[in-house]
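Let's take a walk through this structure together. Have the model open and follow along as we go.

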Amino acid sequence: MQPHKNASADAELEYGLLPFTPPQAALLSDCADDICAAGGPELPGAIACASAAALKIHGSLSFGQQSLLRRYADGQLAMLEFARLLPPRQDPPPSDLPPQQALENAPQCLYLAARSQILLHLVKHRAFAYDLDNNARLIRLVGNFCGGGLQPRNDESTDSGVELSSHAGLPLGPHTEAPYHCAVKPVDGHSPAPSALILTARWNPLDEPTCIIPMTPVIDRIGARAALALTSPSFDYTRSDSFVAGTGASGRAVSILQFDANGGYALRYNSYRYSLNENASPAAIAAFQALNTQVRCGEVIKIPLTPCNALLINNYRALHCRDIIRDNRRLLIRLFGYSRFVSPIVLNEDPLTVQG
Ligand SMILES: [Fe+2]
C-alpha cells in the first residue's frame with residue numbers, strides 16, 4: 001500500500017491506505033444501496049445487512065488488503081483511508097447548505113452512511129449511537145448549521161455565541177470524541193468512548209482537510225514516566241456541546257491514558273475541554289504540560305474528504321481537528337463504531353444504542 005504523501009516515516013506506521021478496485025467499489029455500492037432500500041442504517045435489520053455485505057466484500061479482497069484490515073481491526077493503526085469508492089450518482093454541491101432536517105433522510109446521505117456502516121464491519125466494528133448525543137441517531141451530519149465559519153450563514157446573527165461542536169463552522173482543536181468517562185470498559189453506568197469514527201464527505205467543494213494526529217509518536221516523545229502520570233485520575237473536562245440539551249455533564253478526576261491489551265493503549269483527551277484537577281500531583285501537572293506541548297508540535301496528517309473516500313479514525317490512538325470552515329456547503333457524514341473488544345451498556349440492540 002502506498003503511504004500518504006503527507007506522512008513522515010513515524011506517522012506512516014500509523015496510517016493505512018486501502019484503494020478499492022472498480023469491481024470491489026461496485027460491490028460495496030450495491031450493498032450500500034440494499035441497506036438504503038430497506039430504510040438506511042437507522043432502521044432495524046441494517047446491522048445484519050452490513051455484516052453480510054462485509055463478508056461478501058472481504059471475500060473479494062486481496063491478501064494485502066485483508067492484512068491491512070486485520071491490522072486496523074487489531075488496534076495497530078491510528079487511521080485507515082478507504083479510497084476509490086463510488087460516489088452517489090449526480091450529486092453536485094448546491095448553492096447553499098440545505099437545512100439539517102432536509103438532509104437527514106436524503107438518499108445520498110443514507111447511501112454514504114450505509115457505505116460507512118459496511119466499512120466498519122470490514123474491520124469488525126459496529127455502528128452505534130449514544131442515547132444522549134446527536135438525538136440518539138447513528139448518522140451525524142457534520143456541517144456548518146449554526147454559524148461560526150469564515151463566511152457568515154445567511155441566517156447567522158453576529159451577537160450570539162456559537163456552540164463548539166461539529167454543527168458549527170468554528171475551528172476545533174485536537175481531541176478524541178466524547179464521552180470522556182472511560183474507554184473499552186464501562187465505568188459508573190457510562191459506556192466507553194467510541195473506538196472509532198468514520199467520516200466521508202457528501203460535499204467538500206474546497207477540499208478542506210480533516211486533520212489527524214497519530215498519538216503513538218507523541219506518547220513516545222513525552223516519555224515513559226510522563227505517560228505513566230497520564231494514567232492517574234488527575235484531569236477534569238467540560239461538557240460537550242453536542243450532547244442533547246439537559247443531558248451529559250462535565251467530569252472530574254479522570255485519566256487521559258490507560259493500558260489496553262489491544263493496540264497497547266487507549267487515550268481520551270480534548271485540547272479545549274481538559275484541565276488539571278485540583279489534586280493533580282506535580283508529576284501529573286508536568287505530564288499534562290508535556291502532552292499539550294507535544295500535541296501542538298505533533299505531526300498532522302491532512303486528508304481532504306470526498307464522496308470517493310472514507311476515513312476511519314482510531315479514537316483511542318489518534319486525535320482529530322480542523323480549521324475554520326471556509327465553504328459552508330461542506331457536508332461530512334460521520335458514524336461512530338465500537339470494536340469487538342468493547343463492552344458498552346446496550347439500550348437497544350438493533351439499531352445499536354448505548355447508554356452515554
Ligand atoms: Fe470530533
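Start with a pair of strands: S4 (residues 140–143) and S16 (residues 331–338) run antiparallel to each other, joined over four bridges. To find one of those spots, look for Leu141, whose bridge partner in S16 is Ile333. Keep in mind that what you're looking at is a predicted model.

Now, is S4 buried or exposed on its two faces? Both faces turn out to be covered, with Arg140 and Val142 buried on one side, and Leu141 and Gly143 buried on the other. That every-other-residue pattern is no surprise, because side chains in a regular strand alternate between the two faces of the sheet.

Next, hop over to helix H4 (residues 63–73), which has a different story. Which of its residues are buried? They are Gln65, Leu68, Leu69 and Tyr72. Viewed down the axis of H4, these fall within an arc of 100°, so they line one face of the helix. The spacing helps here: an α-helix has 3.6 residues a turn, so residues three or four places apart point the same way. On the other side of H4, you'll find Phe63, Ser67 and Arg70 exposed.

What do the buried residues of H4 pack against? Their neighbours are strands S1 (15–19), S2 (79–83) and S14 (310–314), plus helix H6 (107–122). Just past the end of H4, Gly75 adopts a positive phi of about 80°.

Finally, zoom out. The chain has nine helices and 18 strands in total. Its radius of gyration is 19 Å, close to the 21 Å the globule rule gives for 356 residues, so the chain is as compact as a globular protein of that length. Buried residues account for 47% of those 356.

Conventions: Residues are numbered from 1 along each chain as its sequence is written. This is a predicted model: local features need pLDDT of at least 70, side-chain atom pairs count only at pLDDT 80 or more; totals for chains, interfaces and linings use all residues. A residue is buried if 20 or more other C-beta atoms lie within 10 Å of its own, exposed if 12 or fewer, and partly exposed in between; C-beta atoms are placed from the backbone. Two strands pair if DSSP finds at least two bridges between them. The radius of gyration is taken over C-alpha atoms; the globule rule is 2.2 Å times the number of residues to the power 0.38. The arc is that of the directions from the helix axis to the C-beta atoms. Two residues are in contact if their C-beta atoms, placed from the backbone, lie within 7 Å.
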